[in-house]
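Hi,

Here's the structure I promised to pass on. Have a look at it first, and then read my notes below.

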Amino acid sequence: MNYYEVQFTYTSPIDTEIINDVLASELGEIGFESFTSNENGLTAYISEKLYDTEAIKDKITSFPLGPVTFAYIEKFIVSKNWNEAWEKNYFQPIRIGNECIIRASFHEAVPDITHTIIIDPKMAFGTGNHETTFLMISEILKLDLEGKEVLDMGCGTAVLAILAAKKGASRIEAVDIDEWAYNNALENIATNQTPNVSIHLGGAEKIAELGRFDFVFANINRNILLNDMASYSACMKPGSILYMSGFYSEDIPVIAESCTNNGLKLVSFNEKNNWVAVRVEKQ
């Protein structure tokens, strides 16, 4: 699959980091699936088949923050060049204390780390560089998953599912609607030697086929989470835990309301740069 790289820059009195976060969320709604940010702006990636210049213009025109003047440059990327581009420019190892490191196969090994996860990304979201993935990993590291059954929705590279396997979960089902992410996840579970992770291509309709779970992880975006909340609740046992991320702190009330309407209770959250991960319990 080929991709477009779109580099966005801004003129605005608003802090660039804030614009980057909001723009990433907005672009995620029109198919962009991977992002890198810096002090100059945001670089975003989208598959060739989903690229729509009119949709980008609409998002810029209706951007919820202001005043912001946008400029952007597009670049076509042939799929075979993707890993090389990440190695040279973007994907750096992500380390969370001595508990976990996420790195690519081309990075040097780091000793004395409890959990090492090898991710060779091919345009799939979830290398740990984004705040939401970092938040979810931080939450999973706190959990006792020994012998537990885990569902990872919107698994991307399968980094969360792989970490669950390394922490002793007995059965892990991972689902993603994107075929590119699905294939990448299959490669990553083989690389990490976690055969108890099963990858499924599809969306929330797959959940009913997979049984019930002790833990559900869903790092997607607000609209999908709200739309699929009933499906998450249906696959949870009494007392099961759901962790969700992919939205902002100001979205917590609407997420909490949806939880309540589906027999769930939002009990806590963690925040990083206005992105949040919430812990929800099945009543």
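Let's start with a pairing: seven bridges connect strand 12 with strand 14 (residues 275–282), and the two run antiparallel. If you want a spot to zoom in on, find Tyr243, which sits opposite Arg279 in strand 14. Keep in mind that this is a predicted model.

Strand 12 spans residues 236–248, and it's mostly covered, with ten of its 13 residues buried. Strand 12 also pairs with strand 11 (residues 213–219), this time parallel, through six bridges. One pair to look for there is Phe213 and its bridge partner in strand 12, Met236. To get from strand 11 to strand 12, the chain passes through helix 7 (residues 222–234), making a right-handed β-α-β crossover.

Now for the inside. You may remember that in soluble globular proteins, nonpolar side chains tend to be buried together. Here the largest nonpolar core has 57 residues, and the ones touching the most other members are Phe32, Ile137 and Phe217. Helix 5 (residues 159–166) gives this core its largest share, seven residues.

Which residues is Phe32 in contact with, leaving aside its neighbours within four places in sequence? They are Val6, Leu27, Ala44, Tyr45, Ile46, Tyr51 and Ile56. Apart from the largest core there's another one, made of 24 residues, including Met153, Ala204, Cys235 and Leu264.

Try clicking through strand 12 and its two partners, strand 11 and strand 14, and then move on to Phe32 in the core.

Cheers

Notes: Residues numbered from 1 in each chain as written. Predicted model: local features only at pLDDT ≥ 70, side-chain atom pairs only at ≥ 80, totals over all residues. Heavy atoms only, no water. Buried < 20%, exposed > 50% of the residue type's maximum accessible area, 1.4 Å probe, protein only. Helix = DSSP H or I, 4+ residues; strand = E, 2+ residues; numbered from the N terminus. Pairing = 2+ DSSP bridges. Right-handed = clockwise from strand over helix to strand, strands pointing away. Core = buried A, V, L, I, M, F, W, Y, C linked by side-chain atoms within 4.5 Å. Contact = heavy atoms within 4.5 Å.
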